[in-house]
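Got the viewer open? Here is a short tour, one selection at a time.

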Amino acid sequence: MATRSKRIFYGWAMLAALCLTEPISWGVLYDAITVFLKPMERDLGWSSSELTGAFSLSLLIGGLVGIPIGRWLDRRGARGVMTAGSIAATLLVLAWSRVHSLAAFYAIWVGIGLASAMVFYEPAFVTVANWFRRYRPRALAALTFTAGCSTLIFVPVSSWLVSNHGWRTALLILAALLGGVTIPLHALLLRRRPED
């Protein structure tokens, strides 16, 4: 008598991947900056307002590019956007680790604002909403909860890295983690819709 093999719904695999990539993206691109402010002030002689101004600018850029990114997501899905955003984010964190001028720092954070809009909640939520119907609230809650843990993880981890290796090496390590996890998961696992 033939038995049917029950396959796991692919949406759960993508949700698991996003539950890993979202906290890493938020942790490196959003939460970690708080840890790097003081050592950068001491090392580079910039004021806290100059440093936080770059972060504020990145938030503004992220908001401004939301509409074109949303249109792209509607037409083509999140795979290309999130993969490109992960690659850009990794390169920008590497550039941040080598920064010496305030103008370059601001340029890097303009790029981080764009990359963040490509990898944060919006494209991840679009992916989940396209794949889940019956379990959509549960899937979105799981994604929101895990991404929300980024502060609890990345502030102490970043503090430890800065204390033990200095802020520049700490950023290199975070860039390696960001690229090593998010790029392959976004590129290899994400699909637009179940019919794909």
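Where is the place of Leu94? Select Leu94 and you land in helix α5; keep in mind throughout that this is a predicted model. Leu94 counts as partly exposed because its relative accessibility is 32%, and partly exposed means between 20% and 50%.

Now add Ile87, Leu91 and Leu172 to the selection: together with Leu94 they make a nonpolar surface patch of about 310 Å². Helix α5, residues 78-97, gives the largest share of that patch, three residues. Helices like this have 3.6 residues a turn, so residues three or four places apart point the same way.

Next stop: Arg168, which sits in helix α10 (residues 167-189). Is there a salt bridge here, or none? There is none, even though Arg168 is buried. Asp43, the nearest side chain of opposite charge, is 4.0 Å away. Turn to Val99 instead: its backbone oxygen is 2.9 Å from a polar atom of the Arg168 side chain. Beyond its close sequence neighbours, Arg168 is in contact with several residues, including Leu44, Trp96, Ser97, Arg98 and His100. Asp43 is on that contact list too.

From there, move to helix α2, residues 33-44. Its buried residues include Ile33, Phe36, Leu37, Met40 and Leu44. To see what covers them, show helices α1 (10-31), α3 (48-64), α6 (102-119) and α9 (150-165), which are among the covering elements. Helices α5 and α10, from the earlier stops, belong to that cover as well.

Finish just after α2, at Gly45, where phi is positive, about 75°.

Conventions:
Residues numbered from 1 in each chain as written. Predicted model: local features only at pLDDT ≥ 70, side-chain atom pairs only at ≥ 80, totals over all residues. Heavy atoms only, no water. Patch = residues over 30% accessible without salt bridge, like charges linked within 9 Å, V, L, I, M, F, W, Y side chains within 5 Å. Areas by Shrake-Rupley, 256 points an atom, 1.4 Å probe, with all protein chains shown as cover. Helix = DSSP H or I, 4+ residues; strand = E, 2+ residues; numbered from the N terminus. Buried < 20%, exposed > 50% of the residue type's maximum accessible area, 1.4 Å probe, protein only. Lys, Arg positive; Asp, Glu negative; His and termini not counted. Polar contact = N/O pair within 3.5 Å; in protein donor to acceptor, adjacent residues only side chain to side chain. Contact = heavy atoms within 4.5 Å.
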